[in-house]
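I opened my notebook on this one with charges in mind. Here is what I looked up, in order.

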Amino acid sequence: MDITIRRARDEELDGVGELTAQAYLGDGLLEFGESDGYLAQLRDARRRAELAELLVAADAESDEVLGTVAFAVYGGAYVDLARPGEGEFRMLAVRPEARRRGAAEALVRACLDRARELGLERIVISSQQKMAAAHRLYGRLGFVRAPERDWEPVPGITLWAFTVELAEPTPLP
């Protein structure tokens, strides 16, 4: 694999925030576009790095940041759905020009591995209903829909929940 997963470095945080914001904007994932209140949170990678584990997928040769994700455990500030014994990841984003290289999968696998290291039982995540490519990836990695945990971060916007049990390592393709 030509991708390395590591913690985001301090000097990368502004760029990681902008990468995340632009990925969400470019994919039409913000209901109110540039005026969406969530955009400020997406750009605030410094806060994510303080309150969660902020990971990046970097090109193994150039070290260019290709994608990012925030991993958190129950009780953390970046948790929306996780319960005791669970982890959660949020704000998974990959540069459009870096897609189809395996960066998103590598980031999700890193979250699964981290959760296992911590002895967690499962990971729970939220996803917009229109994120079909992400849903296919999650399905390949063992995530299943958990409709009983769907929720609305703001009225009228329902996020789907997915979970994966961590008893066994995620199989490689």
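**Charges and their pairs**

I started with the charge balance: the mean positions of the 22 positive and 30 negative charges of the protein are 2 Å apart. I counted Lys and Arg as positive and Asp and Glu as negative, leaving out His and the chain ends, and placed each charge at NZ of Lys, CZ of Arg, CG of Asp or CD of Glu.

A note on the source: this is a predicted model, where local features need pLDDT of at least 70, side-chain atom pairs count only at pLDDT 80 or more, and totals for chains, interfaces and linings use all residues. Residues are numbered from 1 along each chain as its sequence is written, and side-chain values use heavy atoms, with hydrogens and water left out.

Next I looked for salt bridges (a side-chain nitrogen of Lys or Arg within 4 Å of a carboxyl oxygen of Asp or Glu) and found 23.

I picked R7 and E53, whose closest N and O atoms are 3.4 Å apart. R7 sits in strand β1 and E53 in strand β2, so this salt bridge ties together parts 46 residues apart in sequence. Strands here are DSSP runs of E, at least two residues, and helices are runs of H or I, at least four, numbered from the N terminus.

I then checked burial (buried is under 20% relative accessible area, exposed over 50%, partly exposed in between; 1.4 Å probe, protein chains only). E53 is buried at 13%, while R7 is partly exposed at 48%.

My last pair was R116 and D113, at 3.5 Å from N to O; both lie in helix α4, 3 residues apart.
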